[in-house]
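User: I'm new to this one, could you walk me through its aromatic rings?
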Amino acid sequence: MDERVDILNEQGKPTGESCLKSEAHRKGLLHPTVHVWLYTTDGRVLIQKRGKNKATHPLLWDVSVAGHVAAGEEIVSAAIREVEEEIGLTILESDLEPLDTYKAIHKISEDFIDAELHHIFLCKLDVPLNQLTKQESEVEDLALVPLFKFAEETWGLASMGKYVPHGPTYYKTIIKAIKSRT
């Protein structure tokens with residue numbers, strides 16, 4: 001879906017301008033996204049396999065839930081909306097724990113530069129995996145993996161090509177934060 005997104009300056013502050021997501025990607029304009037990492041108290045993390053028709057990183061494993069923040073939308077509202085859309089889970093603002101922001105720029109092709117400021121949240125997952133409903137157009141699969149295995153596969157980068165290449169710093173931040181809560 002080609003929604004409008006707000007454009008951010010290099011410091012991640014809104015410029016007051018917005019455009020279609022496709023234009024932001026074509027021009028490499030920085031725009032906000034949300035990343036929600038769901039974890040269980042017994043030390044597992046929910047990961048999603050991106051849909052086969054995604055423009056970026058199709059069929060790679062990624063953050064539990066991610067999505068663009070629509071123009072004018074509050075960051076927390078976007079996180080709640082995306083969790084509902086992608087995995088069918090209703091959460092409240094109080095369920096979200098803001099963790100960090102992370103700027104990521106991926107040059108997909110000459111006319112597709114994905115420049116995003118990820119607003120990262122943690123959220124405890126209190127329902128079984130089989131109670132989640134994946135959004136067929138966006139999500140190929142969902143899995144709960146032990147945090148130590150996830151760490152081995154991302155932090156050590158042993159499984160390059162299996163996960164979206166967010167980089168070791170990003171993954172270390174997520175793993176350490178979840179580990180301290182389980």
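Analyst: One definition to begin with: buried means under 20% relative accessible area, exposed means over 50%, and partly exposed lies in between, with a 1.4 Å probe and protein chains only. This is a predicted model, in which local features need pLDDT of at least 70, side-chain atom pairs count only at pLDDT 80 or more, and totals for chains, interfaces and linings use all residues. Residues are numbered from 1 along each chain as its sequence is written, and side-chain values use heavy atoms, with hydrogens and water left out.

User: Ok, how many aromatic pairs are there?
Analyst: Seven turn up in a search of the whole structure, where rings of Phe, Tyr and Trp (its six-membered ring) pair if their centres lie within 6.5 Å, and planes under 30 degrees apart count as stacked, over 60 as edge-to-face and the rest as tilted. One of them joins Y102 and Y170, edge-to-face, at 5.1 Å centre to centre with 65° between the planes.

User: What does that pair tie together?
Analyst: Y102 belongs to strand β7 (residues 96-109) and Y170 to helix α4 (residues 168-179), so the pair links parts 68 residues apart in sequence; helices (H or I, at least four residues) and strands (E, at least two) are DSSP runs, numbered from the N terminus.

User: And Y170, buried or exposed?
Analyst: Y170 is buried, at 1% relative accessible area, while Y102 is partly exposed at 22%.

User: Switching topic, what about Y163?
Analyst: Y163 is buried too, with a relative accessible area of 6%.

User: Which residues form the aromatic cluster?
Analyst: W37, Y102, F150, Y163, Y170 and Y171 make up one cluster.
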